[in-house]
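Colleague: I would like to learn how to read a structure like this one, feature by feature. Could you walk me through it?

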Amino acid sequence: MFDLLRTRLHQGTRTLAYPAVMPPLPDRFRGRPLIDTAACAADCTLCVDACPTAAIIAEGGRAARIDLGRCLFCTDCAAACPQGAIRYDQDHRLAASARAALVVAAGEPASPLPIALDAECRRLFGRSLRLRQVSAGGCNACEADTNVLGTITYDLGRFGIQFVASPRHADGLLITGPVSENMRAALLKTWEAVPSPRIVIAVGACAISGGPFAGHAEVHDGAGDLLPVDLFVPGCPPHPLTILDGLLRLLGRLATPAALTDPAS
């Protein structure tokens, strides 16, 4: 017993100081894909052809827009580009409150996408949010990164956000997976059981656009065609900090993106 207490005291605080301090991300972390339009060769669409989910949209014979809601962050586009015009930044702030906001211009500077929840919802949920998580045919990658938020490292509960077992105790749904036909009825019934007002959060490329399963006859290409989505969190899967950042900005808990402090800066 004393050995355990001594070890625990020696370990110190395990919970991240986020959002007051931004923890360092590993070098392999893949943020938003950026295309250097100056380096991008004319009449070259190799990156477009390489993308497995048609996330890169060509116009005028070159890459023009990137749909983060479709992107798997697989780096196939970067590997296919002979000019080295594609790279991935280290910014974890990828969530947006509108599906259209996830489609960004290729040469547009990286910046956090807009998120806004109406004042009444912020008043109701800003200090206490209960979510029912629905895995609508996912591979469990997004589900795993969502579950990580409940560990002592992230301690989601300190922000007043918790996952609940019953939709009748929830303020909204957090959906993962492409919404398979077998899960459609279950998802809709779960939504109907959530009391109003209620919100919907789509986490991962599958829940946003169908991901690699888009267009398949047995999936519904995400939750957007079935339910009104208030927050889109892109990724395959999204990093836990990407999910947490989206939740906090949705609730107005992060006043401005500049409030984050990078210890390396």
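Modeller: Gladly. Let's begin with a helix: in α5, residues 141-148, the buried residues are Cys 142, Glu 143, Asp 145 and Thr 146. They span an arc of only 165° around the axis, which places them on the same side of α5. Please keep in mind that this is a predicted model.

Colleague: Why do residues three or four places apart in a helix point the same way?

Modeller: The general idea is that an α-helix has 3.6 residues a turn, so residues with that spacing point the same way. Here, the buried residues of α5 pack against the strands β6 (129-135), β7 (161-163), β8 (172-176) and β9 (199-203), and also against helix α8 (240-250).

Colleague: Let's take one residue from that helix. Is Thr 146 buried or exposed?

Modeller: The cut-off for buried is a relative accessible area under 20%. Thr 146 has 1%, so Thr 146 is buried. Its side chain reaches the backbone oxygen of Cys 142 at 2.9 Å.

Colleague: Which residues is Thr 146 in contact with, leaving aside its neighbours within four places in sequence?

Modeller: Thr 146 is in contact with Phe 163, Leu 174, Val 203 and Ile 243. You can find Thr 146 itself in helix α5.

Colleague: Now the strands, please. How do I read a sheet?

Modeller: A good habit is to ask about the order of the strands, their direction and their edges. This structure has an open sheet of three strands in the order β2-β3-β5, paired antiparallel. The edges are β2 and β5, each with a single partner strand, so one side of each has no neighbour in the sheet. From one strand to the next, the twist averages 35°.

Colleague: How many bridges join β2 to β3?

Modeller: Four bridges join β2 (residues 56-59) to β3 (residues 62-67), and the two strands run antiparallel. For a pair to look at on screen, try Ala 58, whose bridge partner in β3 is Ala 63.

Colleague: And what phi does Gly 60 take in the hairpin of β2 and β3?

Modeller: Gly 60 takes a positive phi near 65°, in a hairpin that has two residues between the strands. As for the side chains of a regular strand, they alternate between the two faces of the sheet.

Colleague: Let's move to charges. How many salt bridges does a search of the whole structure find?

Modeller: The search finds eight. When reading one, I check the distance, then the place in the chain, then the burial. One of them joins Arg 99 to Asp 67, with the closest N and O atoms 2.8 Å apart. That pair links distant parts of the chain, 32 residues apart: Arg 99 is in the loop between β4 (86-88) and β5 (103-105), while Asp 67 is in strand β3. At 7% relative accessibility Asp 67 counts as buried, whereas Arg 99, at 25%, is partly exposed. There is also a network of salt bridges here, linking Asp 67, Arg 70 and Arg 99.

Colleague: Which helix do Glu 120 and Arg 123 both lie in?

Modeller: Both lie in helix α4 (residues 119-125), three residues apart, about one turn of the helix. Their side chains meet in a salt bridge at 2.7 Å, N to O. Glu 120 is partly exposed at 41% relative accessibility, and Arg 123 is exposed at 58%.

Helix α6 (residues 181-193) holds another pair, Arg 184 and Glu 181, three residues apart. Their salt bridge has an N to O distance of 3.7 Å. Arg 184 is partly exposed at 30%, and Glu 181 is partly exposed at 34%.

Colleague: One last residue, then. Where does Ser 209 lie?

Modeller: Ser 209 lies in helix α7 (residues 205-209). With a relative accessible area of 9%, Ser 209 is buried. Its side chain reaches the backbone nitrogen of Gly 211 at 3.4 Å.

Colleague: And which residues does Ser 209 touch, not counting those up to four places away in sequence?

Modeller: Ser 209 touches Gly 69, Arg 70, Arg 99, Ala 214, Asp 221 and Gly 222. You have met Arg 70 and Arg 99 already, in the salt-bridge network with Asp 67.

Conventions. Residues are numbered from 1 along each chain as its sequence is written. This is a predicted model: local features need pLDDT of at least 70, side-chain atom pairs count only at pLDDT 80 or more; totals for chains, interfaces and linings use all residues. Side-chain values use heavy atoms; hydrogens and water are left out. Buried means under 20% relative accessible area, exposed over 50%, partly exposed in between (1.4 Å probe, protein chains only). A polar contact is a pair of N or O atoms within 3.5 Å; within protein, one must be able to donate a hydrogen and the other to accept it, and residues adjacent in sequence count only if both atoms are side-chain atoms. Contact means heavy atoms within 4.5 Å. The arc is that of the directions from the helix axis to the C-beta atoms. Two strands pair if DSSP finds at least two bridges between them. A salt bridge is a side-chain nitrogen of Lys or Arg within 4 Å of a carboxyl oxygen of Asp or Glu. Axes are lines fitted to C-alpha atoms, for helices over the stretch in contact, and angles run from 0 to 180 degrees between N-to-C directions.
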